[in-house]
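Hi,

Here is the structure I promised to pass along. Have a look at it first, and my notes on the side chains follow underneath.

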Amino acid sequence: DDYEEGTWTPVITFGGNNAGQSYNAQVGSYTKIGNRVYFQAYVHLSNKGSSTGVVEIAGLPVISNATNMTYSVVPVWINGWTGGNTVPTGYMQPSAFSIRLQRQNASSSSGVLNMDETNINNTTDIMVSGHYAT
């Protein structure tokens with residue numbers, strides 16, 4: 001019985017901060033049906049700023065479910081980054097308004113690595129789309 005449509009403004013954060021950032025584009029939309037949110041977003045930086053740390057796309061309009069069993073994988077498309085021989089990926093954590101970005105290392109046994117500010121350039125653009133439990 002619960003249905004909602006809307007827009008949201010995605011923000012790239014590094015370690016939870018976004019000091020000095022500017023964007024060419026920041027667009028997001030979502031549909032909430034019951035306890036599930038379907039979303040998509042596009043962000044295009046014009047300056048990544050000076051913050052450091054793990055990359056997240058923040059600003060989702062509905063908090064994710066608090067149960068540990070509700071992690072959701074988020075497909076990530078990224079252009080103009082320095083990921084080397086890795087594949088970008090992301091996920092929703094429980095009780096979050098953001099998507100954590102990571103990179104899978106296909107050439108070593110180190111597996112999944114956090115994406116950080118060193119992987120993002122001043123003009124990187126990113127698209128994400130997915131769904132998660134609320």
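Rings of Phe, Tyr and Trp (for Trp, the six-membered ring) are taken as a pair if their centres lie within 6.5 Å, with planes under 30 degrees apart called stacked, over 60 edge-to-face, and the rest tilted. By that rule, there are 3 aromatic pairs here. Bear in mind throughout that this is a predicted model.

Let me start with Trp8 and Phe39, an edge-to-face pair with 6.5 Å between the ring centres and 75 degrees between the planes. The two come from distant parts of the chain: Trp8 is in strand 1 (residues 3–8), Phe39 is in strand 4 (residues 36–47), and their positions lie 31 residues apart in the numbering. Trp8 is buried, at 4% relative accessible area, and Phe39 is buried too, at 0%.

Then there is Tyr71 with Tyr91, a tilted pair at 5.8 Å centre to centre and 45 degrees between the planes. This one also joins distant parts of the chain, since Tyr71 sits in the loop between strand 5 (55–58) and strand 6 (72–74), while Tyr91 belongs to strand 8 (residues 86–92), 20 residues apart. How accessible is Tyr71, and how accessible is its partner Tyr91? Tyr71 is partly exposed at 47%, whereas Tyr91 is buried at 17%.

Back to the first pair for a moment: Trp8 and Phe39 belong to one aromatic cluster together with Tyr132.

Another Trp deserves a look. Trp77 is in strand 7 (residues 76–81) and comes out as partly exposed, with 39% relative accessibility. Which residues does Trp77 touch, leaving aside neighbours within four places in sequence? They are Asp125, Ile126 and Met127. For Ile126, the C-alpha atom is 5.7 Å from that of Trp77, although the two are 49 residues apart along the chain.

On to charges. Side chains of opposite charge can pair when their charged atoms come close. Searching the whole structure turns up 2 salt bridges.

One of them is between Lys32 and Asp2, with 2.3 Å from N to O. Lys32 is in strand 3 and Asp2 is in the segment before strand 1, so this bridge ties together parts of the chain that are 30 residues apart in sequence. Lys32 is buried at 10% relative accessibility, while Asp2 is partly exposed at 35%.

The other salt bridge joins Arg100 and Glu56, at 3.4 Å from N to O. Here too distant parts of the chain are linked: Arg100 lies in strand 9 (residues 98–105) and Glu56 in strand 5, 44 residues apart. Arg100 is partly exposed, with a relative accessible area of 21%, and Glu56 is buried at 15%.

Two serines caught my eye as well, both for what their side chains reach.

Ser51 is in the loop between strand 4 and strand 5, and is buried at 10% relative accessibility. Which backbone nitrogens does the Ser51 side chain approach? A polar atom of that side chain lies 3.4 Å from the backbone nitrogen of Asn18, and the side chain reaches the backbone nitrogen of Ala19 at 2.9 Å. Not counting residues up to four places away in sequence, Ser51 touches Phe14, Asn17, Asn18, Ala19 and Glu117.

Ser64 is in the loop between strand 5 and strand 6 and is buried, with 5% relative accessible area. Its side chain reaches the backbone nitrogen of Ser95 at 3.1 Å, and a polar atom of the Ser64 side chain lies 2.9 Å from the backbone nitrogen of Ala96. With neighbours within four places left aside, Ser64 is in contact with Met92, Gln93, Pro94, Ser95, Ala96, Tyr132, Ala133 and Thr134. You will recognise Tyr132 from the aromatic cluster with Trp8 and Phe39.

Finally, the surface. Tyr3, Ile33 and Tyr38 make up a nonpolar patch there, with about 320 Å² of accessible area together. Of these, Ile33 is located in strand 3 (residues 22–33) and is partly exposed, at 43% relative accessible area.

Cheers

Terms used: Residues are numbered from 1 along each chain as its sequence is written. This is a predicted model: local features need pLDDT of at least 70, side-chain atom pairs count only at pLDDT 80 or more; totals for chains, interfaces and linings use all residues. Side-chain values use heavy atoms; hydrogens and water are left out. Helices (H or I, at least four residues) and strands (E, at least two) are DSSP runs, numbered from the N terminus. Buried means under 20% relative accessible area, exposed over 50%, partly exposed in between (1.4 Å probe, protein chains only). Contact means heavy atoms within 4.5 Å. Patches are made of residues with over 30% relative accessible area and no salt bridge: like charges are joined within 9 Å, nonpolar side chains (Val, Leu, Ile, Met, Phe, Trp, Tyr) within 5 Å. Accessible areas come from the Shrake-Rupley method with a 1.4 Å probe; for residues, only the protein chains shown count as cover. A salt bridge is a side-chain nitrogen of Lys or Arg within 4 Å of a carboxyl oxygen of Asp or Glu. A polar contact is a pair of N or O atoms within 3.5 Å; within protein, one must be able to donate a hydrogen and the other to accept it, and residues adjacent in sequence count only if both atoms are side-chain atoms.
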